[in-house]
Amino acid sequence: MRPFTSTISLVEARRRLDAAVAPVARTERVSLAAAAGRVAAADVNSPIDVPPFARSAMDGYAVIAADTTGASRATPVRLRIVERLYTGRIPKTPVAHGECSEIATGAALPVGADAVIMVEETAKDGDESVQLFAAVPPGQHIGRRGADIAAGAGVVRRGDLLNPGRIGALAAIGLPEVEVYAQPRVAILSTGNEVVEPGQPLEPGQIFDVNRFTLAAVVAAHGGVPEPHHPAHDTLDALAQALDECADADIVVFSGGSSVGERDLIVDLIAARGEMVFHGIAVKPGKPTAFAKVAGKPFFGMPGNPTSCLSNAYVLLVPFLRAIARLPSLPERVVRVRLGRRIASPANRHQFYTVRLENGAAFPAFKGSGDITSLSQADGYIEIPADQSVVEEGTVVEVTLF
């Protein structure tokens, strides 16, 4: 038996792992449909305005705001309808004083109109005219051209995680594919004469391979591409051959063979092929975990015990892999911070209000229900109950992180 001569603290193990991180540099282009969860490898600026035209935010009537002055239920204003506008159609008739166009939500605003009055504040007066029961200011219920994203504006920056909001923003500017960083390839195999493939006959003294599958699931969930290999026998030649077969991977993960038994040969393999960074951590479970550099590539020697293997995969492999993959570190699900700016909320509506986190505070990110940047520029959301109309600046809020 070869006992550990020393162990290092978990803090020191993490420090050494951090020092060994070399983020993946390879890039590739993927379709927008396959880009979720990837990391942008280049800045993307919008080639167009979004929306590309002024549009109505309500079903109603496109009007000249000055024509609605003094309109009320008691003194309605009557306007002549010159056109009916739906989404996907180009307005053909300009709106002049005394006229309006019936318009659907999302339809292009006609020339001459500078406001929209919603249908609930009107009543048809035959087929050719409508009565207005409220005055509207210029710009009312209009989404101006470029209000969401202006041409030339940054939509995604290199290093951004492509979450659903940013995917939507890229779709909004008509991008069919995006350049992303390649996902690290992670070679995974279990070692030991007793380890056999699931589905094979289990002979006395044998166990099914567990670690290969748990490690592959961890890798796939955190930005890597698992490359599973068949179990390797406990001989130095077999382990060396298995290591050679992993030569194309960015990270190599062996499980088993990193303890203190006479037949645990990972230490000997590293001594022959590379540099041991640490072997043995003062943690339970997972004490025999090893980390090394072999031919310049990171090598993890994980414990053979499935619980220890998976535990240290979460504690050590996951942060390392996410850093290699350029993914952000895993945040806590909910954080409590002060609100950086006052928020007003519609009465009698429970609202999920998107916010971004800056300098330890939460700032409003919500722009409008039709604006994709309300999500693409947000880190999470706060909930505002239906009976609360205002959240004052400085209030401590709970942010649910995306």
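**Exercise 1. Find what covers the buried residues of α5 in this predicted model.**

Solution.
- Start with the helix. α5 runs over residues 266-273, and Ile266, Leu269 and Ile270 are buried in it.
- Check their directions. Seen down the axis of α5, the buried residues fall within an arc of 95°, so they line one face of the helix.
- Recall the helix rule. An α-helix has 3.6 residues a turn, so residues three or four places apart point the same way.
- Now list the cover. It includes the helix α4 (236-245). Strands also contribute, among them β17 (251-255), β18 (274-279), β19 (290-294) and β20 (297-302).
- Turn to the face directed away from the buried side. Exposed Ala271 and Ala272 sit there.

**Exercise 2. Place Thr191 and decide: buried or exposed?**

Solution.
- Locate the residue. Thr191 is in the loop that joins β13 (185-190) and β14 (195-196).
- Apply the cut-off. Buried means under 20% relative accessible area. Thr191 has 6%, so Thr191 is buried.
- Look for a polar partner. A polar atom of the Thr191 side chain lies 3.2 Å from the backbone oxygen of Gly256.

**Exercise 3. Compare the protein with a compact globule of 402 residues.**

Solution.
- Take the radius of gyration. The globule would have one near 21 Å, but the protein has 31 Å.
- Add the spans. Along its principal axes, the C-alpha trace covers about 100 × 40 × 40 Å.
- Count the elements. There are 7 helices and 27 strands.
- Check burial. Of the 402 residues, 44% count as buried.
- Finish with the surface. About 19,900 Å² is exposed, and carbon and sulfur atoms supply 53% of this area.

Notes: Residues numbered from 1 in each chain as written. Predicted model: local features only at pLDDT ≥ 70, side-chain atom pairs only at ≥ 80, totals over all residues. Heavy atoms only, no water. Buried < 20%, exposed > 50% of the residue type's maximum accessible area, 1.4 Å probe, protein only. Helix = DSSP H or I, 4+ residues; strand = E, 2+ residues; numbered from the N terminus. Arc of directions from axis to C-beta. Contact = heavy atoms within 4.5 Å. Polar contact = N/O pair within 3.5 Å; in protein donor to acceptor, adjacent residues only side chain to side chain. Rg over C-alpha atoms; globule rule 2.2 N^0.38 Å. Areas by Shrake-Rupley, 256 points an atom, 1.4 Å probe, with all protein chains shown as cover.
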